[in-house]
Amino acid sequence: MSSALGHSRLLSSTLTPFLYPYLDSSWSAAATRLARNTRTRAAGNRHPDRRWQTTTSVPSEATTQPPPTGPARDVTQYDHLNPQPADYRETPFTDACALTLAAGNGGHGCISFLREKYIADGPPNGGDGGTGGSVYIQAIRGETSLHKLARRGIIKADRGRNGQGSAKGGKRGEDVLLTVPVGTVLREISRHDPVAEEEAELRRSRRYSMETEDPDDTEAAEAAEHQRTHKREKWLLHPAAQPHHYTAEDFPRLPKPRRSTLAMSEPRGPIRLDLNKPMEVPMLLIAGASGGLGNTHFVTPSKPKPKYATKGDGGTRIALQLELKLLADVGLVGLPNAGKSTLLRALTSSRARIGDWAFTTLAPNIGTVVLDNQRGRLENPLYYPTGELRTNFTIADNPGLIEDAHLDRGLGLGFLRHIERAGVLAFIVDLSAGDSIQTLKGLWNEVGEYQGIRDREIAEATERRHVPNEEGKVTWSPGFSEFEPDSADKVHGVSAPQEDTLLQPLPGQSLPPLALPPISSKPWMVIATKADKPETQENFQALQAYLAKIQDGIEEHPSGKPNAWKKKVRAVPVCAMKKEGVQGVQDMMTSLLREFS
Ligand SMILES: Nc1nc2c(ncn2[C@@H]2O[C@H](COP(=O)(O)OP(=O)(O)OP(=O)(O)O)[C@@H](O)[C@H]2O)c(=O)[nH]1
Ligand SMILES: [Mg+2]
């Protein structure tokens with residue numbers, strides 16, 4: 001007897017939980033996790049138990065045998081709509097970023113001479129350098145975030161290869177294609193264009209030589225000297241050349257700065273693009289730089305064998321700000337813990353985190369509602385403004401909104417920014433958490449206050465841009481568009497950094513806020529969640545009656561704006577956890593999206 005007792009003590013102290021996990025109380029939690037992981041992998045895994053056999057000593061029977069002791073737990077009771085808080089997947093998401101793009105440098109020209117049998121010292125035959133790679137952009141459907149670009153920081157196209165002997169030109173550099181979501185706005189912050197700078201320098205030196213004939217003018221002399229040294233930097237000498245050859249060599253006149261023919265189709269800087277439609281073909285942003293010239297170009301009667309060629313030009317670099325104007329088709333707005341993430345899971349295959357506490361969601365989750373089930377004609381077809389049939393639409397589940405969020409409380413302004421970028425707003429009210437009408441009014445109040453802040457910001461930025469000139473007249477034109485470059489910036493070459501606010505500013509550089517449609521003009525609906533809870537019916541009826549009054553104009557729109565959208569405001573009761581009423585929500589969203597597009 002005592003030996004049996006001793007044996008069991010030995011088991012629980014040394015072998016637990018490896019051989020007999022059920023003797024350890026922590027087993028049941030481990031088994032739940034184990035069973036869930038095994039089940040999710042089982043479909044695609046031919047040897048589902050192998051992982052457990054090789055990484056731990058838990059026998060495979062342990063997953064199938066119920067524990068003889070401890071609380072019994074049904075490990076199969078995993079549910080997509082009522083998951084454990086730890087059972088979620090976070091998708092990376094970025095809606096604004098700064099990015100530097102660099103076109104490829106040109107390859108260098110080649111210094112080479114023909115050598116053949118019986119031709120020991122032939123004529124020059126150095127080829128030209130290849131053109132650098134260009135940077136293209138394309139807005140495509142299906143992308144929802146800028147995170148892939150944001151983490152790259154700088155994107156460079158390939159440089160052109162150097163020219164070779166036998167008059168072989170260098171290979172072109174590889175191009176780069178950026179794909180961005182439809183609804184991305186690109187704005188240039190600064191630009192460094194070596195060719196434009198060279199052109200400007202050449203113009204300046206010509207002006208000096210024309211204006212100043214005086215040999216004592218040191219400024220002009222300095223400029224001319226700079227011009228000469230600058231020129232020398234552009235030349236390449238034969239590989240066997242000594243340093244003194246650089247100073248001794250009498251280089252000819254440097255060819256004029258060149259641009260590749262592709263550069264003609266570049267958009268004029270500073271770039272302001274609103275990519276609000278999918279693009280069938282990519283658009284050129286910056287063209288690659290031209291390659292250098294081989295030594296064949298510099299043959300003259302007096303110098304039939306030049307031992308020099310030119311270097312390739314440097315590629316243009318631009319710093320851009322990318323911002324998503326439209327984040328998702330529908331944005332969920334609600335207090336913390338209202339059931340937004342549960343609803344997103346019910347409508348889409350999202351795996352947003354769910355928890356019975358406030359601020360479970362800390363960053364937006366984008367889910368996609370699939371409309372086309374590939375089983376024949378759609379009952380309720382939805383179209384893009386371009387006339388294409390839509391097969392899906394996106395929903396953004398945002399973090400919870402709290403009182404004074406517009407003063408940056410809670411997750412504050414950053415989150416309100418996301419709401420502003422949704423096409424249709426769906427206000428989520430928890431029927432079991434007090435008066436729904438007051439909740440809705442509170443939510444609209446925060447949204448309205450934020451709109452006020454944004455309007456003031458835009459007005460200030462506009463004022464700063466349109467300052468009165470010396471005569472006191474304001475240089476403002478009624479047709480001004482956010483994406484039209486300011487006349488002061490219309491210099492192709494170096495553009496001055498802007499002065500206003502940028503979402504993620506580069507040091508010392510910023511842009512004005514984007515002008516977007518007012519939030520109160522967006523179609524909206526109310527989704528009353530947790531309708532399964534007791535005594536929520538009256539609350540819902542009062543809410544529905546209130547919305548009907550808004551629609552009829554008896555009650556003021558909760559935003560307080562007279563021209564706010566109130567065409568067909570409705571509330572839909574749902575129990576997202578049991579997926580009840582969810583189809584009604586989807587239909588309502590579809591009909592409002594028709595309104596929006
Ligand atoms: N009874 C019931 N409970 C629900 C329903 N929908 C959500 N819940 C519960 O409400 C709690 C909060 O749900 P979440 O979806 O995380 O709420 P949320 O609005 O995303 O919360 P935050 O991300 O913190 O803003 C969870 O415990 C859910 O299980 C419902 O229809 N009925
Ligand atoms: Mg949430």
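Q: Two strands pair if DSSP finds at least two bridges between them. In this predicted model, over how many bridges do β2 and β8 pair?
A: Strand β2 covers residues 135-140, and its pairing with β8 is antiparallel. One facing couple there is Val135 and Ile286, the latter in β8. The number of bridges between β2 and β8 is three.

Q: In what order do the three strands of the open sheet run?
A: The sheet has mixed pairing. Its edge strands, each paired on one side only, are β4 (176-181) and β8 (283-286). That leaves β2 in between, and the order is β4-β2-β8.

Q: What does the twist average from one strand to the next in that sheet?
A: We're still with the open sheet of three strands, whose edges are β4 and β8. Going from one strand to the next, the twist averages 35 degrees.

Q: Where is Ser166 found, and is it buried or exposed?
A: Start with the backbone: Ser166 isn't glycine, yet its phi is positive, near 55 degrees. It sits in the loop between β3 (154-156) and β4. A residue with 12 or fewer other C-beta atoms within 10 Å counts as exposed. Ser166 has 11 of them, so it is exposed.

Q: How many other C-beta atoms lie within 10 Å of Ala167?
A: Ala167 also belongs to the loop between β3 and β4. Its phi is positive too, near 55 degrees, in a residue other than glycine. Ala167 is partly exposed, and the number of other C-beta atoms within 10 Å is 16.

Q: How many of the residues of strand β11 are buried?
A: β11 takes in residues 328-334 and is largely enclosed by the rest of the structure. That description follows from the count, because the buried residues number seven of the seven.

Q: Which residue in β14 stands opposite Gly334?
A: β11 has a parallel partner in β14 (residues 422-430), with six bridges between them. Across this pairing, Gly334 faces Ile428.

Q: Which residue in β13 stands opposite Val330?
A: β11 also runs parallel to β13 (residues 392-397), and three bridges join the two. There, the residue opposite Val330 is Ile395.

Q: Which helix gives the largest share of the shell around ligand 1?
A: The shell holds 25 residues, and Gly339, Ser341, Asp356, Thr361 and Gly400 come nearest. By type, it divides into nine nonpolar, 11 polar and five charged residues. The largest share is three residues, and they come from helix α9.

Q: How many of the residues of α9 are buried?
A: Helix α9 spans residues 340-347. Among its buried residues are Lys340, Ser341 and Arg345. The helix is largely enclosed by the rest of the structure, because the buried count is eight of the eight.

Q: How far apart are the end C-alpha atoms of α12?
A: Helix α12 has 16 residues, 537-552. At 1.5 Å a residue they should span 22 Å. The modelled distance agrees with that, at 23 Å.

Q: What arc do the buried residues of α12 cover around the axis?
A: The buried residues in α12 are Asn539, Leu543, Tyr546 and Leu547. They lie on the same side of α12, because their arc is only 100 degrees.

Q: Which exposed residues does the face of α12 turned away from its buried side carry?
A: An α-helix has 3.6 residues a turn, so residues three or four places apart point the same way. Turned away from the buried side of α12 are the exposed residues Gln537, Glu538, Gln541, Ala545 and Asp552.

Methods: Residues numbered from 1 in each chain as written. Chains lettered and ligands numbered in written order. Predicted model: local features only at pLDDT ≥ 70, side-chain atom pairs only at ≥ 80, totals over all residues. Near = placed C-beta within 6 Å. Helix = DSSP H or I, 4+ residues; strand = E, 2+ residues; numbered from the N terminus. Nonpolar A, V, L, I, M, F, W, Y, C, P; charged D, E, K, R; others polar. Axes fitted to C-alpha atoms, helices over the stretch in contact; angles between N-to-C directions. Expected span 1.5 Å × (residues − 1). Buried ≥ 20, exposed ≤ 12 C-beta atoms within 10 Å, placed from the backbone. Arc of directions from axis to C-beta.
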